[in-house]
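Let's take a walk through a protein model together, one stop at a time. Keep the picture in view and look for each residue as it comes up.

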Amino acid sequence: MKVQRDLPIIAAILGAVILPIVRATEPGMSLLSYFQWATFGAGVLGALGLVFTSGEEPFWTKVGSTIRVAVVSVIGAVALYYILTTSESFDRVASTMFVVLCAVSIIGGSWVISNVLLDLAQKNWALFSAASAAIAAAVGFSITRGNLVLQSLVVDPDPVLFSAGGGWGGRLEWPIFGALLWGVGVYAMRIVPVQAGRLLIGSALGLITGWLIAANQQPWQLPDINWVTTAIWTVVVAGLLGGIAAFRGRDPIPSVILGAGVGFAIGAWLMSPFLGAVGVGRWASIIPLALLGVRIGWRQTPTPRSLSVFDNRARAFVFLGPAMLFLFSALVVPAVATIILSFRNRDGDEFVGFDNYRTFFADEDSVDLSGWRDLFTSDLYSVGFLLIGAGLIIGLVANSRRNRVGLLEGSSGSIALLAGAVVMFAATVWSILGERITSGQFLSVPAFLVILVLLAILSLGAIALTGKVDAFDSFERTSASVGSVIAGLFLMSYAVLSVVRGTFFNNIWWVITVTTLSVTLGLAIAALAEKAGSTENVAKSFIFMPMAISFVGASVVWRLQYQPRFPATETQTSVMNSTWVELGELSFSGWPRILVLLVLAGLIGLLVKSAVGRARIGETFAGQMVGIVAFAFLFFKLADRSLGGFKEAADGTYGGPDVVRFLQDAPFNNVFMMIILIWIQTGFAMVIFSAAIKAVPQEFIEAANVDGATESQTFFRVIVPQILPTIGVVATTLIVLVTKVFDIVKVSTGGNFGTNVLANDMFEVSFSFFNRGLGSAIAVFILVSVLPVMFMNVRRMQQERVMNR
Amino acid sequence: MWALWGLVLLWTLPSLSLFLNSFRSRSDQQNAGFWTMGGNPGDLTLENYQEVLAGGGANDLSQSLISSFAIAIPATIIPIAFATFAAYGFAWIDFKGREWMFIATVSLLAIPLQVALIPLLQTYVGGAHFTPEIFGIGSDKTITLIPDLDLNTRGGIAVWLTHTGFAMPFSIFLLHNYISELPKEVFESARIDGASHFTIFWRLVLPLSIPALAAFAIFQFLWTWNDFLIAVTMLSGGNPVDLPTTVLVANLAGDFGRNEHLLPAGAFVQAFFPLVVFFSLQRFFVRGLLAGSVKG
């Protein structure tokens, strides 16, 4: 339908005409504001037209799109009404649209022109040469005009090189003349079939241009050419370029000519004093330009083959140029500048070596090891060790049973790990019992660092358990063994990170927690949703929705869940604190407590039964175990009357409620902020895992079923290995994202209460305390932390590209 | 199954409580949790929204909504154009160094914004100028390479430029994934018919890539609308009218609880347009996410 296709255009034209007329009665309408109105009208109506005609079918054929169009139209209408009734807002919108339209037209226009020129090159080389020479000349002549085209808009309307003519006419006449001269000249050159003729025309063009420039210069702008130096430069650069060309197997003569011109220009302009006589000084312009003309004239009319090579190169430049320009100016150059700044002082005017980095790491707020003694008395640490040990033993025993071999046969790796864990745990117990830690006799800070390193080695070893390493061959990998080890490691990392504090460790904590939990939860939800049937997409939508909410918004959402009210006797309005206080009351209540205890006991019993049942048929019972541990924890806390928030009176009875300041009480306030990011990012992980699971070939799963694999075996041994690369992608993406976490911390705590992270620190240091050197150093440190991930990504990509060949 | 729906409930509860609280009066919000409402619809009120959308003063988000659009729309259109050109160039134009240039471009994905922030801000504030000392005099004559962008009145431009630069690696990666998978035969037969890269791009690639472009547009819109770091560094010194919604909501959250009761409404207004985009175009959004990470 013709009308439908043209509807957006018609609407846009109508808008462009009608809106300025509507507003024309207003006083003080300048020409520019008419333009802005027209732009605005065209934009709004054109966009509405596009919405109504989008898609191949008319919009009313599908109910879904009708609703969508209706929603968009209502929102658009409300916004339009709103904007039109508040004039000040309107001006902002209209002028913004005007600027956007200008920017887009300039970008799009120059891009289209470049492409049209290149299309022309294939058909008519002479015309293409002339046109591009004209454009280049116009640009070059504008620059010699003293950068006026740019400067008149921005800084300084005074001419630098030329004194003739002010205003736009004066600024334009010179570039237009240059464009005409070179356009016509190069066209003539290209239709001359003899090379000598082309050389003649080229040198004439250069001569005329050089002479014109020299004639318009002030005496102080003319160099007093030092002929010896200039000659040396001419020969050296000409030789250099010629040598390079010869080395690359090309004809050296054009390069020698070009090199001579460049060398002469360097020698004459940069290596000679100024205030030269007109007679001598004009050669500084004439000779290089004449040589340039000769170089252009030298070029043969291209053969079809060289034309196609030229086309590819030029197109690559046109297509990639804008993106590369932005990449360089917004990413690469500033990043390099930041690296340089990080070695300079706060104002960037003095080199200070590594001082900024030293300042960062020496600061107690960045790295604070002072609480290290608490590590050995923390529950997390003990439970972590126990879990790792238990996991190792379970794995070894399971293997020896199944394969009927000795318990410790051929498993050097796991035994070493187990021994390490036992020794470290024993040492801890021994030193706590002997009060050696608290009195400071046993360990100093360096010794503590050694322990940290040992812990790291232990962790790496334990992670290796899950992979294919020969030394761990006799370790049976089940959810009970590997699961316990991983859970133990996780708790251990929490034990360490809750006693060693500071910005640096906070960041590590964020990365560990958010990456692990988002990936795990995302995978679990994706697997669960897989079995949900028709409701799958609804459930996934809800989990996914936080992705659309800003980090700032999400922080506000969660603040509502955490907020305590003081004094604690007030009604608590946040979900978390209200629950917490209620639990405290429950701990001291009479029969409700008994009732809840009974329910919990019943739940634990049910879960144990289900776990035993699943264990019999060889199914995973990790979920049941988590439930049992959680409920048992609640049960014992409640039985002990220590669950929830309450104050204890002097006689041990209930002395009123007590609240938790989730975002202020260090160190676990960090974790409550991490939950916000997990809430957002789990949806991302889930969506990707969900697609990856669906992409696992159905035959694999069927084959596993035929072989009698249980559901969990299929998941962990068929599906997970298949989507392992995807898990890697998600994990690396999350690591990069979390390393930069800023908004949540900024909005929730502002980095106070021991929650500072690198990005927030960098922001505070650079933009509140104006220490650019230190700020840059922290930024560089963030960059260095994500570099390994970047290398992994590059390697993966290279492999993928090789595989796709 | 109960596990899945339990998680769904857990995930939805925070946003739901925010939404419900936004319709409750100041005293209601302060004296009881959102779960106590209901039963009496008369308790619900729109006064929070009134204050947030038409209250005037520092808590009025209406101007910042316009600013957010003024930032998000250009910062979505401009990168799409550049990235589509570049993605086509990397996928279908044969030139030397294509491989390593592409990998270098995409590896810039991991560059954190913080690394570029200080020099970018310096450039935007002062511009970049070149003083040609070679004329011996001329120290008062400067050639302006980059003009002073004047963040106080024209901050939007600086924000667009930054968003454009930082969108490049991901957008090129995503669009390249799509455009390079288009059937090769189409291109070959078009080349044989004498079509230039320009024609192929304009007549074939652009229409075929609409789904990928839509996917990236949604991404970029959500990312620029929800951005806080760039806006707060580049715009907070300028005209308060130019601040986007994220900065205003963050300010609202940071004023020591004086306007605590406006936060739910403010946060919902801030999230409204992203949520509309998200729910109406979820299909494209998911497709874009997948194109960025999963093959096939």
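Our starting point is Gly502(A), which counts as buried because its relative accessibility is 9%, and the cut-off for buried is under 20%. Keep in mind as we go that this is a predicted model. You will find Gly502(A) in the loop between α19 (479-499) and α20 of chain A. What does Gly502(A) touch, leaving aside its neighbours within four places in sequence? The residues in contact with it are Asp365(A), Ser366(A) and Val367(A). Asp363(A) is also worth finding: it is 139 residues away from Gly502(A) in sequence, yet the two C-alpha atoms are 8.9 Å apart in space.

Now step back and look at chain A as a whole. Its secondary structure comes to 31 helices and two strands. Of its 805 residues, 45% are buried. Take the contacts in chain A between residues at least 6 apart in sequence: 72% of them join residues at least 24 apart. Chain A exposes about 39500 Å², and carbon and sulfur atoms supply 70% of that surface.

Chain B can be described in the same terms. It has 14 helices and two strands, and buried residues make up 57% of its 296 residues. Among its contacts between residues at least 6 apart in sequence, 68% join residues at least 24 apart. The accessible surface of chain B is about 12000 Å², with 66% belonging to carbon and sulfur atoms.

Next, find helix α21 of chain A, which covers residues 536-544. Which of its residues are buried? They are Glu536(A), Ala539(A), Lys540(A), Ser541(A), Ile543(A) and Phe544(A). The cover over these residues draws on both chains: it includes α20 (503-530) and α26 of chain A, along with α1 (2-21), α13 (263-280) and α14 (282-291) of chain B.

Two of those buried residues carry opposite charges. Side chains of opposite charge can pair when their charged atoms come close. Glu536(A) and Lys540(A) do form a salt bridge, with N and O 3.0 Å apart. They sit four residues apart in α21 of chain A, about one turn of the helix. Here a general rule helps: an α-helix has 3.6 residues a turn, so residues three or four places apart point the same way.

The structure holds ten salt bridges over all chains, so let's visit two others. Glu260(B) and Arg559(A) meet through their side chains at 3.2 Å, N to O. Glu260(B) lies in the loop between α12 (245-253) and α13 of chain B, while Arg559(A) lies in helix α22 of chain A, so this pair joins two chains. Both Glu260(B) and Arg559(A) are buried. The other stop is the salt bridge between Glu570(A) and Arg565(A), where the closest N and O atoms are 3.2 Å apart. Is each partner buried or partly exposed? Glu570(A) counts as partly exposed because its relative accessibility is 33%, whereas Arg565(A) is buried at 18%. There is also a network: salt bridges that share partners link Glu530(A), Glu536(A), Lys540(A) and Lys694(A).

Some charged residues belong to a surface patch instead. Arg248(A), Arg250(A), Arg313(A) and Lys96(B) form a positive patch. One of them, Arg313(A), is in helix α13 (residues 304-341) of chain A. Arg313(A) counts as exposed because its relative accessibility is 53%.

Let's finish with the backbone of chain A. Where are the cis peptide bonds? One joins Phe566(A) and Pro567(A), with omega about -10 degrees. Pro567(A) is in the loop between α22 (551-562) and α23 (575-587). Another joins Ala666(A) and Pro667(A), with omega about -5 degrees. The loop holding Pro667(A) runs between β2 (654-657) and α26 (669-695).

Our last two stops are phenylalanines. Phe753(A) has a positive phi of about 55 degrees although it is not a glycine, and its place is the loop between α29 (743-748) and α30 (758-767). Phe753(A) is partly exposed, with a relative accessible area of 40%. Phe770(A) likewise has a positive phi, near 55 degrees. Phe770(A) lies in the loop between α30 and α31 (772-804) and is exposed, with a relative accessible area of 56%.

Conventions:
Residues are numbered from 1 along each chain as its sequence is written. Chains are lettered from A and ligands numbered from 1 in the order in which they are written. This is a predicted model: local features need pLDDT of at least 70, side-chain atom pairs count only at pLDDT 80 or more; totals for chains, interfaces and linings use all residues. Side-chain values use heavy atoms; hydrogens and water are left out. Patches are made of residues with over 30% relative accessible area and no salt bridge: like charges are joined within 9 Å, nonpolar side chains (Val, Leu, Ile, Met, Phe, Trp, Tyr) within 5 Å. Accessible areas come from the Shrake-Rupley method with a 1.4 Å probe; for residues, only the protein chains shown count as cover. A salt bridge is a side-chain nitrogen of Lys or Arg within 4 Å of a carboxyl oxygen of Asp or Glu. The place of a charge is taken as NZ of Lys, CZ of Arg, CG of Asp or CD of Glu. Buried means under 20% relative accessible area, exposed over 50%, partly exposed in between (1.4 Å probe, protein chains only). Contact means heavy atoms within 4.5 Å.
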